[in-house]
Amino acid sequence: QVQLVESGGGLVQAGGSLRLSCAASGSTYVMGWFRQAPGKEREFVASINRSGTTYYADSVKGRFTISRDNAKNTVYLQMNSLKPEDTALYYCGAHAVGEYKYNYWGQGTQVTVSS
C-alpha cells in the first residue's frame, strides 16, 4: 500500500506563494496534485512521473511548478502568484508502480488565498 501525507498548506495573500509537499511511503510511478473547492468537482492541477515528465492544468500553467525527489519519494508543488480562485483543498495522488490510475490519495491540505 502506498501512503501519502501532504503538508505545506496555509493562508496566504493573493500574489503570494506556498510550497506543498507530499511524502510517499511505497513506490510510486506518477504523482500528482488535485484540488477541490467547496461546491466544485475535484480538478487536476499537475502531475509528474519518475522520469520528470510534467503536465499542468491550463489554469495554473506558468504559476505552479511540480517537482519530485525520487530519493526522498516526495513530490512538491511550488505555487506562485496565487489567486483567490486557487483556494481549495489540495490532494496528493499517486499511481503505484504497475498500476494505471490514481489509486492512492493523501488526506488533503488546505490552501486559502485571500484577496
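**Exercise 1. Salt bridges.** Determine how many salt bridges this predicted model contains, and establish which residues are linked in a network.

*Solution.*
Step 1. The count comes to 4 salt bridges.

Step 2. Begin with Glu 43, whose side chain meets that of Arg 35 in a salt bridge with an N to O distance of 2.6 Å. Glu 43 is partly exposed at 35% relative accessible area, whereas Arg 35, at 5%, counts as buried.

Step 3. Arg 35 also forms a salt bridge with Asp 86, with 2.9 Å between the closest N and O atoms. Because Arg 35 belongs to strand β4 and Asp 86 to the loop between β8 and β9, this pair ties together parts that are 51 residues apart in sequence.

Step 4. Asp 86 is bridged to Arg 63 as well, the closest N and O atoms being 2.7 Å apart. Here Arg 63 lies in the loop between β6 (54-56) and β7 (64-69), 23 residues from Asp 86. Arg 63 is buried, with a relative accessible area of 11%.

Step 5. Joining these pairs gives a network of salt bridges that links Arg 35, Glu 43, Arg 63 and Asp 86.

**Exercise 2. The surroundings of Asp 86.** Decide whether Asp 86 is buried or exposed, and list the residues with which Asp 86 is in contact, leaving aside neighbours within four places in sequence.

*Solution.*
Step 1. Locate the residue: Asp 86 lies in the loop between β8 (74-79) and β9 (88-96).

Step 2. The relative accessible area of Asp 86 is 0%; buried means under 20%, so Asp 86 is buried.

Step 3. With those sequence neighbours set aside, the contacts of Asp 86 are Arg 35, Arg 63, Phe 64, Ser 81, Val 111 and Val 113.

**Exercise 3. Aromatic pairs.** State how many aromatic pairs a search of the whole structure finds, and classify the pair Phe 34 and Phe 44.

*Solution.*
Step 1. The search finds 4 aromatic pairs.

Step 2. For Phe 34 and Phe 44, the ring centres are 5.6 Å apart and the planes stand at 75 degrees; angles over 60 count as edge-to-face, so this pair is edge-to-face.

Step 3. Phe 34 is in strand β4 (residues 28-36) and Phe 44 in strand β5 (residues 43-49), so the pair ties together parts 10 residues apart in sequence.

Step 4. Tyr 102 and Trp 105 form a tilted pair, at 5.8 Å centre to centre and 40 degrees between the planes.

Step 5. Ring pairs link Phe 34, Phe 44, Tyr 102 and Trp 105 into a cluster.

Methods:
Residues are numbered from 1 along each chain as its sequence is written. This is a predicted model: local features need pLDDT of at least 70, side-chain atom pairs count only at pLDDT 80 or more; totals for chains, interfaces and linings use all residues. Side-chain values use heavy atoms; hydrogens and water are left out. Helices (H or I, at least four residues) and strands (E, at least two) are DSSP runs, numbered from the N terminus. Buried means under 20% relative accessible area, exposed over 50%, partly exposed in between (1.4 Å probe, protein chains only). Contact means heavy atoms within 4.5 Å. Rings of Phe, Tyr and Trp (its six-membered ring) pair if their centres lie within 6.5 Å; planes under 30 degrees apart count as stacked, over 60 as edge-to-face and the rest as tilted.
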